[in-house]
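User: Can you walk me through the salt bridges in this one?

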Amino acid sequence: MKTKLGYSAARSRVVEWALRTAGLVAGLAVASAAPAAAPAASASGDFGPPRGAPIHAVLTSPPNVPPPVARNYPAKVIVELEVVEKEMPISEGVSYTFWTFGGTVPGSFIRVRQGDTVEFHLKNNPANKMPHNIDLHGVTGPGGGAASSFTAPGHESQFTFKALNEGIYVYHCATAPVGMHVANGMYGLILVEPPQGLPKVDHEYYVMQGDFYTTGRYRLKGHQPFDMEKAIDEKPTYVLFNGSEGALTGDHALKAKVNETVRLFVGNGGPNLVSSFHVIGAIFDKVRFEGGTNFQTNVQTTLIPSGGAAIAEFRTRVPGSYVLVDHSIFRAFNKGALAILKVDGAENKAIYSGKEIDSVYLGDRAGANLNAVTKATDALAAGKLTLEDQVHAGRELFAGTCSVCHQADGAGLAGVFPPLAKSDYLAADLKRAIDTVLHGRSGQVVVNGVEYNSVMPPMTQLNDDAVANILTYVLNSWGNPGGRIGADDVKARRAAPTAAAGGGH
């Protein structure tokens with residue numbers, strides 16, 4: 001017992017000493033931390049009151065970015081942003097009622113300097129039907145400004161904040177139901193430049209991903225309303241850059257020249273999906289991930305969370321069409337998350353000796369050669385669609401959808417994919433041909449006396465007139481007997497009971 005008591009007393013003294021030491025250490029830690037308060041405040045961007053006359057911010061529509069701030073002092077910056085609800089194309093022949101900041105999806109790009117005092121004016125257009133507000137992730141304050149900016153149609157709200165932290169930040173509407181407002185396109189980016197500015201580059205572009213939920217399936221023509229059930233289930237119809245399919249392709253592609261530097265401000269409005277942002281054929285020299293101050297170098301693909309952003313920089317080395325994608329790859333080629341950076345200039349065989357990326361790999365939305373498809377769509381709507389229109393449109397769609405397997409000349413791949421040229425299987429039953437495209441085929445099939453056993457997936461991404469045009473093109477090419485299939489024929493087969501897939505390719 002004596003030993004135990006002695007041990008207990010000793011242990012108590014050790015514990016008491018430890019507690020006192022901990023208290024002393026804690027006190028020293030607090031004392032040593034106190035002098036660091038001033039530097040921390042400076043680091044967070046509190047550079048004092050604004051100087052000079054107030055400045056009205058230059059706002060730009062995507063993919064454009066306002067010019068660098070080019071100031072060495074904090075200023076009062078006035079931002080005026082209007083909410084506009086408007087119907088716009090989401091895909092070819094498909095419209096959607098977007099809710100926007102500044103009339104575009106994503107909303108206007110805002111650029112300020114760290115330490116600036118921002119006087120923010122949010123205006124809700126009188127023709128709008130909904131109240132809206134704004135939550136800027138670069139704001140230090142309740143709701144990122146949402147608590148102070150709830151605005152009814154025909155009204156204007158104002159609040160002020162100091163841009164304490166540098167970085168690239170998402171802003172979005174935060175009016176209930178928040179997810180619906182974001183899903184309808186209410187998001188954008190605000191850049192808070194560091195005091196010294198960003199290093200100079202040749203081009204800066206604004207690209208923002210979003211997922212959209214329509215009642216109609218992918219590319220179904222006409223006006224498509226928002227589908228809340230799909231949004232809750234996180235099953236988007238479209239995943240897009242800058243609010244519409246093809247927004248950054250063809251004549252709208254981003255542009256640069258060889259040996260120029262490119263800075264991409266890339267945001268992800270969500271509301272649900274994480275983006276795996278990648279530029280095919282380029283390696284990012286530097287990525288400021290999650291919009292913060294740290295960066296990585298030599299990056300192939302960078303994750304951008306919903307409600308997050310990144311800054312990706314690289315130098316162009318050789319000419320060509322560089323494809324921007326969400327590398328969750330079905331989103332790129334089957335939901336629309338695809339854009340193009342067109343780089344012009346002299347080739348450099350020492351770096352890359354091959355040809356530019358083939359349009360087949362880019363998909364039918366990546367090229368500038370969709371005029372025939374647009375013409376056929378317009379002619380169908382006007383009741384003036386000709387066989388020639390269908391063949392021309394079908395040729396373009398075939399190149400981006402079917403020729404990878406069946407080859408550009410319809411010859412197929414020996415022992416793997418059956419030919420479409422002079423195809424006895426195709427000509428024998430046009431309804432079966434339509435069903436094959438719509439629902440796919442697997443198992444054995446004999447074409448022109450040769451047995452094939454492979455799988456063709458259903459082409460569910462194609463709408464009725466696209467299927468009709470592709471098959472009409474095939475029927476009138478490569479020695480096939482001719483004929484014509486209309487969108488109504490495809491529509492009827494789509495509505496017919498589906499037989500078990502199999503028995504052919």
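Here is a short run of questions and answers on charged pairs.

Analyst: This is a predicted model, where local features need pLDDT of at least 70, side-chain atom pairs count only at pLDDT 80 or more, and totals for chains, interfaces and linings use all residues. Side-chain values use heavy atoms, with hydrogens and water left out, and residues are numbered from 1 along each chain as its sequence is written.

User: How many salt bridges does a search of the whole structure find?

Analyst: A pair counts when a side-chain nitrogen of Lys or Arg is within 4 Å of a carboxyl oxygen of Asp or Glu. Searching the whole structure on that basis gives 18.

User: Are Arg-111 and Glu-204 buried or exposed?

Analyst: These two form a salt bridge, with the closest N and O atoms 2.7 Å apart. Buried means under 20% relative accessible area, exposed over 50%, and partly exposed in between (1.4 Å probe, protein chains only). By that yardstick, both Arg-111 and Glu-204 are buried.

User: Which residues are linked with Arg-111 in a network of salt bridges?

Analyst: Arg-111 pairs with Glu-204 at 2.7 Å. The network that holds Arg-111 also takes in Glu-193, Glu-204, Arg-263 and Glu-313.

User: What is the relative accessible area of Asp-464?

Analyst: Asp-464 forms a salt bridge with Arg-217 (3.6 Å, N to O), and another with Arg-494, where the closest N and O atoms are 2.7 Å apart. Arg-217 counts as partly exposed at 25% relative accessibility, and Arg-494 does too at 26%. Asp-464 itself is buried, its relative accessible area being 14%.
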